[in-house]
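I am opening a fresh page for a structure that is new to me. My plan is to look things up piece by piece and to write down what each look-up returned.

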Amino acid sequence: MKYEGARIIYERIEVLSKEERAKANKNDIRQWKYYKFTVLGGWKDSADGLVYPDYELFKDFPEDHRIRIFGLDFGFRPDPLGFVECVIVGKHDLYLKQHIYKTGLLIKDIVPMIKAILGENLGSTYIVADNSDPKERAEYASRGITMIPADKTYKGSGTNKMRGIRQMQNFNIHIHEDSADLIDEMNHYHTIEIINARGESVTHVVDKDDHLLDPAMYAATRY
């Protein structure tokens, strides 16, 4: 059968504890995740050259977190607006949950959504936003939502953005089980090799499937 090998590995790894999985063969872990998240979960096959190939699903945020911060990527149409929660535990564990992923939203629609998500923590929670539109950030501020601009070096999909991606790759990434669009981006956000004008092979991040992953990067690498 097509998935028989992955199924056998899945059944062996699934019963292990988190500590035992951390010591397991990395190829076995990849097969376990493939069968668990792609085959059983019904997600599309992962793209080649994934930027973030390894992640785990979680249900509840850890209580002993070091940093809780949100990331926002402006969008309207055709690109969706992405709003994601980032919790950092220790130095290496990053927990992500999507809250908004939708096209066609106006600021007057978005502001009450964000206020409802943050609740009483609105005034004490950092939001790191896309740095490309200071006017839009000012409009949010006039409506009671203050944002920090993302590191300007993360703009675009070239070498500068790779710096932020490499920082993200240092984390053990955990995705909330209800974050369907974020999981889909994790399974498809990828790089390709291109030849530059000097004939050199260069890794290029495909500017697609990043409307939640970009704001996650803005937030998680800000501090």
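Before listing any neighbours I fix the term: I call two residues in contact when heavy atoms of theirs lie within 4.5 Å. I also note at the outset that this is a predicted model.

**Entry 1: a strand residue**

I began with serine 201, which I found in strand β9. Is serine 201 buried or exposed? Its relative accessibility is 52%, and since exposed means over 50%, serine 201 counts as exposed. Setting aside its neighbours within four places in sequence, I listed Glu193, Ile194 and Ile195 as the residues that serine 201 is in contact with.

**Entry 2: the chain as a whole**

I then stepped back to the protein chain, in which I found eight helices and nine strands. Of its 223 residues, 43% count as buried. The chain exposes about 12,200 Å², and carbon and sulfur atoms supply 49% of that area. I also looked at how far apart contacting residues are in sequence: among contacts with a separation of 6 or more, 61% are between residues 24 or more positions apart.

**Entry 3: the nonpolar cores**

Which residues have the most contacts inside the largest nonpolar core? This core has 31 residues, and the ones I noted in answer are Tyr52, Cys86, Leu94, Leu96, Ile165, Ile173 and Ile175. At least two residues of this core come from each of β2, β3, β4 (93-102), α6 (159-169), β7 (172-176), α7 (180-186) and α8. The largest share, six residues, is supplied by α8.

I followed isoleucine 173 further and, leaving aside its neighbours within four places in sequence, found it in contact with Tyr52, Asp54, Tyr55, Glu56, Leu94, Leu96, Met168 and Met186. I also recorded a second, separate core of 17 residues, which includes Leu72, Leu81, Ile114 and Ala129.

**Entry 4: aromatic pairs**

My search for ring pairs gave a count of five aromatic pairs. One of them joins tyrosine 52 and tyrosine 189, a tilted pair with 6.2 Å from centre to centre and 40° between the planes. Why does this pair tie together parts that are far from each other in sequence, 137 residues apart? Tyrosine 52 lies in the loop between α3 (26-39) and β1 (56-58), whereas tyrosine 189 lies in the loop between α7 and β8 (191-195), so the pair bridges that separation. Tyrosine 52 counts as buried at 4% relative accessibility, and tyrosine 189 counts as buried at 2%.

I looked next at phenylalanine 58 and tyrosine 95, whose pair is edge-to-face, with 5.1 Å from centre to centre and 85° between the planes. This pair links distant parts of the chain, since phenylalanine 58 is in strand β1 and tyrosine 95 is in strand β4, 37 residues apart. Both phenylalanine 58 and tyrosine 95 are buried. I noted too that ring pairs link Phe58, Phe61 and Tyr95 into a cluster.

**Entry 5: two polar side chains**

Glutamine 98 has its place in strand β4, and at 14% relative accessibility it counts as buried. What does the side chain of glutamine 98 reach? I found the backbone nitrogen of aspartate 181 at 2.9 Å, and the backbone nitrogen of leucine 182 at 2.8 Å. Leaving aside its neighbours within four places in sequence, glutamine 98 is in contact with Phe83, Val84, Ser179, Ala180, Asp181, Leu182 and Leu212.

I then turned to asparagine 131, which lies in the loop between β5 (126-129) and α5 (134-142). Asparagine 131 counts as buried at 18% relative accessibility, because buried means under 20%. A polar atom of its side chain lies 3.3 Å from the backbone oxygen of alanine 150.

**Entry 6: backbone details**

Most residues other than glycine have a negative phi, and most peptide bonds are trans. With that in mind I noted the cis peptide bond that joins arginine 77 and proline 78, with omega about 15°. Proline 78 is placed in the loop between β2 (67-73) and β3 (81-89). Arginine 77 also lies over the face of phenylalanine 76, at 5.1 Å from the ring centre.

My last look-up was aspartate 209, a residue other than glycine whose phi is positive, near 60°. I placed aspartate 209 in the loop between β9 (201-205) and α8 (213-220).

Key. Residues numbered from 1 in each chain as written. Predicted model: local features only at pLDDT ≥ 70, side-chain atom pairs only at ≥ 80, totals over all residues. Heavy atoms only, no water. Helix = DSSP H or I, 4+ residues; strand = E, 2+ residues; numbered from the N terminus. Buried < 20%, exposed > 50% of the residue type's maximum accessible area, 1.4 Å probe, protein only. Polar contact = N/O pair within 3.5 Å; in protein donor to acceptor, adjacent residues only side chain to side chain. Core = buried A, V, L, I, M, F, W, Y, C linked by side-chain atoms within 4.5 Å. Areas by Shrake-Rupley, 256 points an atom, 1.4 Å probe, with all protein chains shown as cover. Phe/Tyr/Trp six-rings, centres within 6.5 Å; stacked < 30°, edge-to-face > 60°. Lys NZ or Arg CZ within 6 Å of the ring centre and 35° of its normal.
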